[in-house]
Amino acid sequence: MMTSVDTDLIRVLADPLRLRIVTLLAKETLCTSHLVEETGARQTNLSNHLRVLREAGVVETEPCGRYTYYKLRPDVIAQLAGQFADLAEAARAAAENKRACP
């Protein structure tokens, strides 16, 4: 049973704008222009966040003419969810374990 969680990925997703981007990409594949419109973020700021998400393996790109589309990699999100599920199961199994104080 795995009880550790990918802390690097959690740090990547902990940023509110990156989490918003991931939430939007869970619904559809979008280009930067769409994401600027949806989030209200500046294009340069958004591009930096997309780079972080891409480097973390959370999103992948799809060139389309002069635009770049971004799509979520659901396997990465599912893997993180599985790690949290394992952690919850470990907590359930250890619910009655109590270490005595010295």
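A disulfide is a pair of cysteine sulfur atoms within 2.5 Å. The model examined here is predicted, and it holds zero disulfides. Cysteine 31 illustrates the point. The closest cysteine sulfur to that of cysteine 31 belongs to cysteine 64. The gap is 9.0 Å, and a disulfide needs sulfur atoms within 2.5 Å, so the two are too far apart for a bond. Cysteine 31 is also buried, with a relative accessible area of 4%. Cysteine 101, in contrast, counts as exposed, at 73% relative accessibility.

Charged pairs were examined next. Side chains of opposite charge can pair when their charged atoms come close. A search of the whole structure finds six salt bridges. Three of these pairs are described here, among them one in helix α4 and one in helix α5.

In the α4 pair, glutamate 55 forms a salt bridge with arginine 51. The closest N and O atoms of this pair are 3.5 Å apart. A salt bridge requires such atoms within 4 Å, so this pair qualifies. Helix α4 covers residues 43-55. Glutamate 55 and arginine 51 are four residues apart in this helix, and so about one helical turn separates them. Their accessibility was also computed. Glutamate 55 is exposed, with a relative accessible area of 59%. Arginine 51 counts as partly exposed, at 34% relative accessibility.

The α5 pair joins the side chains of arginine 92 and glutamate 89. Here the N to O distance is 3.3 Å. Helix α5 spans residues 74-93. Arginine 92 and glutamate 89 are three residues apart in α5, which means a separation of about one helical turn. Arginine 92 counts as exposed, with 57% relative accessibility. Glutamate 89 is partly exposed, and its relative accessible area is 38%. Elsewhere, salt bridges that share partners join Glu60, Arg73 and Asp75 into one network.

Within that network, aspartate 75 forms a salt bridge with arginine 73. The closest N and O atoms of these two residues are 3.0 Å apart. Aspartate 75 is partly exposed, with a relative accessible area of 45%. Arginine 73 is partly exposed too, and its relative accessible area is 25%.

Another acidic residue, aspartate 86, lies in helix α5. Aspartate 86 counts as partly exposed, at 28% relative accessibility. Its position was compared with that of valine 58. The two residues are 28 residues apart in sequence. In space, aspartate 86 and valine 58 are 20 Å apart, C-alpha to C-alpha.

Helix packing was considered last. Two packed helices are described by the angle between their axes and the distance between the axes. Helix α2 covers residues 16-25, and helix α3 covers residues 32-39. These helices pack at an angle of about 115 degrees. Their axes are 11 Å apart. The crossing of α2 past α3 is right-handed. On the α2 side, the contact involves Leu17, Arg20, Ile21, Leu24 and Leu25. These residues meet Leu35, Glu38 and Thr39 in α3. By residue class, the contact of α2 with α3 divides into five nonpolar, one polar and two charged residues.

Methods. Residues are numbered from 1 along each chain as its sequence is written. This is a predicted model: local features need pLDDT of at least 70, side-chain atom pairs count only at pLDDT 80 or more; totals for chains, interfaces and linings use all residues. Side-chain values use heavy atoms; hydrogens and water are left out. Helices (H or I, at least four residues) and strands (E, at least two) are DSSP runs, numbered from the N terminus. Buried means under 20% relative accessible area, exposed over 50%, partly exposed in between (1.4 Å probe, protein chains only). Axes are lines fitted to C-alpha atoms, for helices over the stretch in contact, and angles run from 0 to 180 degrees between N-to-C directions. A crossing is left-handed if the near helix is turned anticlockwise from the far one by less than a right angle, and right-handed if clockwise. Contact means heavy atoms within 4.5 Å. Ala, Val, Leu, Ile, Met, Phe, Trp, Tyr, Cys and Pro count as nonpolar, Asp, Glu, Lys and Arg as charged, and the others, Gly among them, as polar.
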